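Notebook open, coffee ready. Today I'm looking up the empty spaces in a structure and what sits in them.

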Amino acid sequence: MPLPHVPSVALNNGTEIPRIGFGVFQVPDDETTTAVAHALDAGYRSVDTAAVYGNEAGVGRALAASGIARDELYVTTKLWNADQGYDATLRAFDASLAKLGLDHVDLYLIHWPAPARDLYVDTWRAIGTLVADGRVRTAGVSNFNPAHLERLLDSGGLVPAVNQIELHPGLQQRELRALHAAHGIVTEAWSPLAQGAVLADPVVTGIADRHGRSPAQVVLRWHLQLGNVVIPKSVTPARIRENLDVLDFALSPEEMEAVAGLDRGLRTGPDPDTLD
Ligand code: NDP
């Protein structure tokens with residue numbers, strides 16, 4: 001069977017990012033290699049890891065073993081909070097690159113703003129240096145609330161290409177999505193399935209039954225129709241494939257509206273204003 005072709009979305013620096021990537025949060029390093037290998041076999045070309053996940057090496061092993069050309073892959077990693085600051089960022093990036101076994105990453109994100117540290121503007125400057133060096137193709141942020149984003153934009157450096165935020169039917173992030181749209185920033189949804197918490201909702205299961213699809217596929221399709229990039233995680237081969245099989249059906253405007261009604265401030269992860 002031919003592999004699915006995952007469409008990409010254009011970023012504000014002239015590059016593009018696949019609309020669906022593969023997340024590896026909470027996957028132990030030794031299991032990550034197998035999970036990423038399954039994902040690459042299924043047709044994913046984008047992988048989302050982070051220094052703090054402790055599995056960059058596992059991702060790197062799977063990429064190397066795949067034999068897939070580097071320019072067909074899209075690799076994201078993230079700078080951990082304890083490594084914020086100009087010099088510390090440069091050192092942490094070198095360590096991530098070595099673990100991944102790569103000479104550049106496609107997307108490098110500040111993992112959390114960690115506002116109590118007050119270092120994200122210096123950190124962003126360091127990432128600008130890495131972009132200028134060609135070792136980071138695209139610079140972005142994660143978990144930036146409007147105030148953090150505005151401050152970064154006011155600092156006069158690069159405009160982030162991406163903000164990767166918690167986003168799913170239970171937490172729809174309308175204010176941030178509008179701000180992103182105003183600045184040409186792509187919204188990337190982490191925990192796009194709310195780690196499973198929205199999959200038993202009757203609105204979701206009702207739409208799934210109508211389309212003969214799984215609840216996860218309905219939620220991922222909803223994201224794509226909103227314009228989000230998604231990075232669902234699974235270590236289960238059938239789910240890994242299922243989560244990519246969302247390109248040949250569409251939710252109606254009424255179904256999109258019904259899912260919009262599920263927004264209820266449901267956070268599965270930490271609050272960006274307070275996480276240090
Ligand atoms: P997800 O919303 O992707 O949900 C993952 C959970 O859903 C797992 O328990 C998985 O089970 C299950 N699942 C996956 N597919 C299906 C399916 N088709 N049907 C039923 N259940 C399914 O949660 P994550 O928190 O992992 O978020 C995704 C990615 O986002 C992360 O892996 C990471 O890369 C990124 N992330 C980024 C953060 C940040 O701060 N920037 C924070 C959190 C996540 P199983 O694996 O057992 O199959």
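**Entry 1: the second largest pocket.** Before anything else, I note that this is a predicted model. I began with the second largest pocket, which has 23 residues in its lining. Nearest its centre I found Ser 8, Pro 18, Arg 45, Asp 71 and Glu 72. Its volume comes out at about 470 Å³. I then looked up which strands help build the wall: strand E2 (16-18) and strand E7 (136-142) each give at least two residues to this lining. Sorted by class, the lining splits into 9 nonpolar, 7 polar and 7 charged residues.

**Entry 2: the largest pocket.** How much volume does the largest pocket have? I get about 730 Å³. It is lined by 37 residues, and the closest to the centre are Phe 25, Gln 26, Ser 191, Gln 195 and Lys 233. Here I found helices in the wall: helix H8 (215-226) and helix H9 (237-242) each supply at least two lining residues. The class count for this lining is 17 nonpolar, 15 polar and 5 charged.

**Entry 3: who's in there?** Which space does the ligand take? I checked, and it is the largest pocket. I listed 28 residues around the ligand, with Asp 48, Ser 191, Gln 195, Ser 234 and Thr 236 coming nearest. Ser 191 and Gln 195 were already in my notes, as two of the residues closest to the centre of the largest pocket. By class, the shell around the ligand holds 13 nonpolar, 10 polar and 5 charged residues.

**Entry 4: polar contacts.** I wrote down three atom pairs between ligand and protein.

- Leu 193 uses its backbone: a polar atom there is 2.8 Å from an oxygen atom of the ligand.
- Arg 239 uses its side chain, with a polar atom 2.8 Å from a ligand oxygen.
- Asn 243 also brings a polar side-chain atom, this time 2.9 Å from a nitrogen atom of the ligand.

Next I asked how much of the ligand the protein buries. Taken alone, the ligand exposes 910 Å², and the protein buries 88% of that.

**Entry 5: closed-off space.** Last job: cavities. How many of 30 Å³ or more turn up in the whole structure? My search gave 1. The largest cavity has a volume of about 40 Å³. Its lining is Asn 143, Phe 144, Asn 145, Ile 165, Glu 166, Gln 173, Leu 176, Arg 267 and Pro 272. I sorted these too, and got 4 nonpolar, 3 polar and 2 charged.

Terms used. Residues are numbered from 1 along each chain as its sequence is written. This is a predicted model: local features need pLDDT of at least 70, side-chain atom pairs count only at pLDDT 80 or more; totals for chains, interfaces and linings use all residues. Side-chain values use heavy atoms; hydrogens and water are left out. On a 1 Å grid over the protein atoms alone, a cavity is a set of points where a 1.4 Å probe fits but cannot get out, and a pocket is an open set with protein on both sides within 12 Å along at least five of seven lines; lining residues have an atom within 4 Å of a point. Grid points are joined across faces, edges and corners, and a volume is the space filled by probe spheres set on the points. Helices (H or I, at least four residues) and strands (E, at least two) are DSSP runs, numbered from the N terminus. Ala, Val, Leu, Ile, Met, Phe, Trp, Tyr, Cys and Pro count as nonpolar, Asp, Glu, Lys and Arg as charged, and the others, Gly among them, as polar. A residue is near a molecule or strand if one of its heavy atoms lies within 4 Å of it. A polar contact is a pair of N or O atoms within 3.5 Å; within protein, one must be able to donate a hydrogen and the other to accept it, and residues adjacent in sequence count only if both atoms are side-chain atoms. Accessible areas come from the Shrake-Rupley method with a 1.4 Å probe; for residues, only the protein chains shown count as cover. A molecule sits in a cavity or pocket if more than half of its atoms lie within 2 Å of its grid points.
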